[in-house]
Amino acid sequence: MGLTEKGKYVTAAGAKTADKLILTKSAGIEGTAILATDRQTQLSKIFNPEILESAKGFYNQISVVKDALTAYRTGGVHAMHDPTEGGILNGIHEMADASNLGARVFEEKIIIEPETSKICRFYEIDPLQLISSGALLIAAEPSTANKIVDTLCQQRIYADIIGEFNANPNKRILIHKDDSAETLPRPVSDHLWLALSR
């Protein structure tokens with residue numbers, strides 16, 4: 001797959017206690033593109049052509065190479081992971097599992113594009129549990145997290161701090177927009193399959 005020098009690579013297992021959790025782009029990128037393409041006939045009866053064409057164009061966002069290189073070169077990155085099957089929520093669990101940590105995540109900080117929101121609402125699925133290739137989760141030192149976000153945004157890659165890691169692997173919390181909290185859901189399966197079965 002490739003070669004690198006020892007120590008000059010980042011895995012999902014390097015997150016540390018108190019690291020900030022950064023997300024690039026938005027939730028459900030690939031799932032949105034798949035549903036807009038594979039269910040175009042069905043969705044075209046509900047949504048206007050502009051929404052569906054825009055949603056199909058999400059395929060153009062699936063590479064995370066620029067995201068990863070930009071973050072790494074800025075400095076302070078301890079771990080990175082691309083949330084694929086199971087979406088953003090599963091990606092966070094996979095990262096926390098690999099690092100043996102807990103996490104606190106703020107739902108309101110996770111961007112959901114209008115196209116994703118509309119399609120997910122139609123199929124009654126959770127965009128946070130929809131395959132999200134194209135987004136990137138980054139664990140970063142608190143002192144450099146804001147600089148990483150700013151640098152990504154300067155490269156026209158939207159990013160924000162959506163939470164932080166803690167030392168307790170059993171303490172993984174999702175804080176909702178109304179300030180209520182629940183244990184961070186662990187997807188049983190990707191919600192793409194729920195949508196395709198309907």
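**Exercise 1. Work out the order of the strands in the sheet and find the ones at its edges.**

Solution. Start with the order: in this predicted model, seven strands make up an open sheet that reads β2-β4-β1-β5-β3-β6-β7, and the pairing is mixed. Next, look at the two ends of that order. β2 (77-81) and β7 (181-183) are the edge strands, and each has a single partner strand, so one side of each has no neighbour in the sheet. Finally, check the twist: on average, neighbouring strands of this sheet are turned by 25° against each other, direction ignored.

**Exercise 2. Take three strand pairs and say how each is joined: β2 with β4, β1 with β5, and β3 with β5.**

Solution. Let's go pair by pair.

- β2 and strand β4 (residues 136-140) run antiparallel and are joined by four bridges. For a concrete example, pick His81: its bridge partner in β4 is Leu137.
- β1 and β5 also run antiparallel, with five bridges between them. Here Ile22 stands opposite Ile161 in β5.
- β3 and β5 are antiparallel too, held by four bridges. Arg104 has Glu164 as its bridge partner in β5.

**Exercise 3. Which strands does helix α7 touch where it packs on the sheet?**

Solution. Go to the sheet again, with β2 and β4 joined by four bridges. Helix α7 packs on this sheet and touches β1, β2, β4 and β5. Now compare directions: that of α7 makes about 155° with that of β5.

**Exercise 4. Describe how helices α4 and α7 pack, from the angle down to the residues.**

Solution. First, the geometry. Helix α4 (residues 65-74) and helix α7 (residues 142-154) meet at an angle of about 135°, and their axes are 9 Å apart. Second, put a word to that angle: α4 and α7 are therefore oblique to each other. Third, the hand: their crossing is right-handed. Fourth, the residues: α4 brings Asp67, Thr70, Ala71 and Thr74, while α7 brings Lys147, Ile148, Thr151 and Leu152. Sort those residues by class and you get three nonpolar, three polar and two charged.

Now zoom in on Thr151, which lies in helix α7. Leaving out residues up to four places away in sequence, Thr151 touches Thr70 and Thr74. Then try Phe165: Thr151 and Phe165 are 14 residues apart in sequence, and their C-alpha atoms are 22 Å apart in space.

**Exercise 5. Is the crossing of α1 and α6 left-handed or right-handed, and which residues make the contact?**

Solution. Begin with the packing: helix α1 (residues 29-38) and helix α6 (residues 114-123) sit at an angle of about 65°, with axes 10 Å apart. Their crossing is left-handed. On the α1 side, the contact uses Thr32, Leu35 and Ala36; on the α6 side, Glu115, Thr116, Ile119 and Tyr123. Sorted by class, this contact of α1 with α6 has four nonpolar, two polar and one charged residues.

**Exercise 6. Step back and judge the overall build of the protein.**

Solution. Count the elements: the protein has eight helices and seven strands. Then compare sizes. The radius of gyration is 17 Å, and the globule rule gives 16 Å for 198 residues; the two are close, so the protein is as compact as a globular protein of that length. Last, picture a box along the principal axes: the C-alpha atoms fill roughly 50 × 35 × 30 Å.

Technical notes. Residues are numbered from 1 along each chain as its sequence is written. This is a predicted model: local features need pLDDT of at least 70, side-chain atom pairs count only at pLDDT 80 or more; totals for chains, interfaces and linings use all residues. Side-chain values use heavy atoms; hydrogens and water are left out. Axes are lines fitted to C-alpha atoms, for helices over the stretch in contact, and angles run from 0 to 180 degrees between N-to-C directions. Helices (H or I, at least four residues) and strands (E, at least two) are DSSP runs, numbered from the N terminus. Angles under 35 degrees count as roughly parallel, over 145 as roughly antiparallel, 65 to 115 as roughly perpendicular and the rest as oblique. A crossing is left-handed if the near helix is turned anticlockwise from the far one by less than a right angle, and right-handed if clockwise. Contact means heavy atoms within 4.5 Å. Ala, Val, Leu, Ile, Met, Phe, Trp, Tyr, Cys and Pro count as nonpolar, Asp, Glu, Lys and Arg as charged, and the others, Gly among them, as polar. Two strands pair if DSSP finds at least two bridges between them. The radius of gyration is taken over C-alpha atoms; the globule rule is 2.2 Å times the number of residues to the power 0.38.
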